[in-house]
Amino acid sequence: MIHASMLRRAGCRRIMLATSALAMVVSLTACGAVADPNAGDTTPTSNASCLGSDIGAKPARLTVTQAGPAALRVLGSCFDTVRYQAEIAVHGPIAYTSSWGFGSRTVGNKISIWDVSGNTPMLVDSVIVARALTTGDVEVSDDGQLLVVATEFDPGSIAVYGLADPRHPALLSQFSSAETVQGVHTAKLGRVNGKLYAFLGIDPVGDAYPARLVIVDLSNPSSPTQVFSEIAGKPYVHDTYERDGLLFVALWNDGVEILDIGGLGTGASPEHPQVLGSVVTAGGEVHNIWWYHDPSGSKRFAFVGQEGPGTVGSTSSGDIHVIDVSNLTAPKEVAFYHVDGAGTHNFSVDETNGILYAAYYNAGIRALDIRGDLGTCPKSDQSFDAALNLSRCDLRLMGRELATGLADVNRGVYVWGVSYQNGSLYASDMLNGIWKLGPAAQHK
């Protein structure tokens with residue numbers, strides 16, 4: 001997710017905005033970037049253009065037995081170009097997208113609500129998040145009761161909405177503390193021993209305000225409580241991933257750290273995490289993580305997204321790294337996936353069928369076969385990095401590419417997020433809006 005940790009309201013002077021999570025430089029006028037936070041489209045369906053499956057996508061997928069990756073079938077889309085679209089969360093027939101607030105478009109304070117029950121997504125409502133200049137993560141709790149949104153910048157916060165009516169979220173609280181005020185860049189949810197928590201990545205602002213990992217108790221969503229905070233990451237802490245009482249933390253150039261927060265019976269908790277192990281992946285720039293549980297019960301591999309330099313709307317860089325976490329105290333990198341001229345962003349995994357879907361910015365979407373052993377391969381499928389003295393399996397050489405998406409829609413795309421839910425794939429495209437696609441063909 002694109003960092004803009006040094007931006008502050010500073011009159012109308014021209015700023016060079018150094019972004020961490022895309023490691024690029026964006027030039028903008030500060031007074032334009034912080035326009036009236038309630039400006040823009042606030043009616044449910046304004047500025048949206050929704051189309052069915054006749055928009056130029058290939059009418060059918062190739063089978064995985066043919067040469068080269070298949071093409072994911074586009075079912076429909078809805079375009080909203082007033083703001084840059086950002087993250088996506090899907091729960092049942094409803095999808096929620098956030099908005100990124102820099103560059104030439106309107107401030108990113110809007111959460112769009114889409115009906116995705118049919119092939120064509122339809123914009124049914126929206127909410128404007130108070131005091132937000134950009135909204136990043138948007139996530140629905142595992143019980144479908146809450147929607148949580150991360151906001152930047154001062155005051156950085158999480159906005160918590162009730163979903164008694166999923167089409168019309170109701171604000172319950174907007175949490176901010178002295179340690180989140182500089183900007184909540186990411187907010188992920190996890191339930192530990194029955195209690196819901198939010199795990200926050202906090203923006204750094206100079207030496208006085210270093211990056212932090214903050215944990216918030218959401219058991220009373222109308223009154224969230226901060227229960228943990230520590231300085232983390234070099235120079236940023238980005239994303240987190242909680243599962244089975246373990247927390248994987250993306251520490252950018254410090255790599256991946258694995259914390260016990262109540263999963264191993266050692267007395268650790270979200271209030272008192274214990275470090276288990278860490279690994280620095282090739283190239284650093286650790287952006288996001290997914291710990292994969294395959295249908296056989298194996299929990300051996302975690303997937304790490306690297307976000308390298310790029311330019312919004314046109315270029316990106318960064319690989320997918322595979323780490324073997326069978327020994328949680330000594331994880332190690334064993335494989336990678338690379339796309340020339342493009343870089344990955346966020347993941348969603350169809351664990352039943354062993355398919356990882358990755359947002360790939362200007363390259364659309366990539367679907368990878370992640371079943372079985374990814375860390376063992378013949379030398380012909382390996383790549384050796386002399387600088388790191390590291391030999392890794394290359395998922396492309398191993399034939400793990402299953403499909404690509406949005407490479408055939410006759411328009412430029414810049415895919416931020418993907419969500420695989422209920423047999424369909426959804427993508428948030430910064431430039432255009434939301435897409436609904438069919439899944440990759442199941443393995444033969």
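This passage walks through the predicted model of the protein, from its overall make-up to a few individual residues.

Strands are what the eye meets in this model: the protein has 34 of them, alongside 1 helix. The chain runs to 444 residues, and 60% of them are buried. Contacts that link far-apart parts of the sequence also feature: among contacts with a separation of 6 or more, 54% join residues 24 or more positions apart. On the outside, the accessible surface adds up to about 15800 Å², and carbon and sulfur atoms hold 50% of that area.

Turning to the interior, the largest nonpolar core contains 39 residues, and the members that touch the most others are Phe248, Phe303, Ile320 and Leu356. Several strands feed this core with two or more residues each, among them E19 (246–250), E20 (256–260), E22 (286–291) and E23 (301–306). Further along the chain, E24 (320–324), E25 (332–337), E26 (347–350) and E27 (355–359) do so too. A second core, separate from this one, has 22 residues, including Ala70, Phe79, Ile355 and Leu406. As a general background, nonpolar side chains in soluble globular proteins tend to be buried together. Leu356 is a handy place to look at the packing of the largest core. With residues up to four places away in sequence set aside, Leu356 touches Phe303 and Ile320, then Phe347, Ser348 and Val349, and finally Arg366, Ala367, Leu368 and Ile370.

Next comes the largest pocket, which holds about 980 Å³ of space. It is lined by 36 residues, and those closest to its centre are Glu139, Lys188, Tyr241, Trp290 and Gln421. Strands from many stretches of the sequence take part in the lining: E6 (84–91), E10 (134–140), E14 (184–192), E18, E22, E26 and E32 each supply at least two residues. E6 gives the largest share, with 5 residues. Sorted by class, the lining is made of 14 nonpolar, 11 polar and 11 charged residues. E22 and E26 turn up twice in this account, as they supply residues to the pocket lining and also to the largest nonpolar core.

The backbone has a few oddities worth a stop. Most residues other than glycine have a negative phi, and most peptide bonds are trans. Against that background, a cis peptide bond sits between Glu152 and Phe153, with omega about -5°. Phe153 belongs to the loop that runs between strand E11 (146–152) and strand E12 (157–162). Another cis bond, also with omega about -5°, links Lys234 to Pro235. Here the loop is the one between strand E17 (225–231) and strand E18 (240–243), where Pro235 is found.

Positive phi angles show up as well. Glu285, which is not a glycine, has a phi of about 55°; this residue sits in the loop between strand E21 (274–279) and E22. Asn422 has a positive phi too, near 55°, and its loop lies between strand E32 (415–421) and strand E33 (424–429). What about their surroundings: is Glu285 buried or exposed? Glu285 counts as buried because its relative accessible area is 16%, under the 20% cut-off. Asn422 counts as exposed because its relative accessibility is 63%, over the 50% cut-off.

Three more residues show how stretches apart in sequence meet in space. Asp324 lies in strand E24 and is buried, with a relative accessible area of 7%. Apart from neighbours within four places in sequence, Asp324 is in contact with Arg300 and Phe301, and with Pro331, Lys332 and Val334. The C-alpha atom of Asp324 is 9.1 Å from that of Lys299, which is 25 residues away along the chain. Leu328 follows in the loop between E24 and E25. With its neighbours within four places left out, Leu328 is in contact with Leu246, Ile258, Leu276 and Gly277. Its C-alpha atom is separated by 9.8 Å from that of Val275, with the two residues 53 apart along the chain. Finally, Leu388 occupies the loop between strand E29 (382–385) and strand E30 (390–394). Leu388 is partly exposed, at 43% relative accessibility. The C-alpha atoms of Leu388 and Gly283 are 9.4 Å apart, although these positions lie 105 residues apart in terms of chain separation.

Conventions
Residues numbered from 1 in each chain as written. Predicted model: local features only at pLDDT ≥ 70, side-chain atom pairs only at ≥ 80, totals over all residues. Heavy atoms only, no water. Helix = DSSP H or I, 4+ residues; strand = E, 2+ residues; numbered from the N terminus. Buried < 20%, exposed > 50% of the residue type's maximum accessible area, 1.4 Å probe, protein only. Contact = heavy atoms within 4.5 Å. Areas by Shrake-Rupley, 256 points an atom, 1.4 Å probe, with all protein chains shown as cover. Core = buried A, V, L, I, M, F, W, Y, C linked by side-chain atoms within 4.5 Å. 1 Å grid on protein atoms, 1.4 Å probe; cavity = no way out; pocket = protein on both sides within 12 Å on 5 of 7 lines; lining within 4 Å. Points joined across faces, edges and corners; volume = space filled by probe spheres on them. Nonpolar A, V, L, I, M, F, W, Y, C, P; charged D, E, K, R; others polar.
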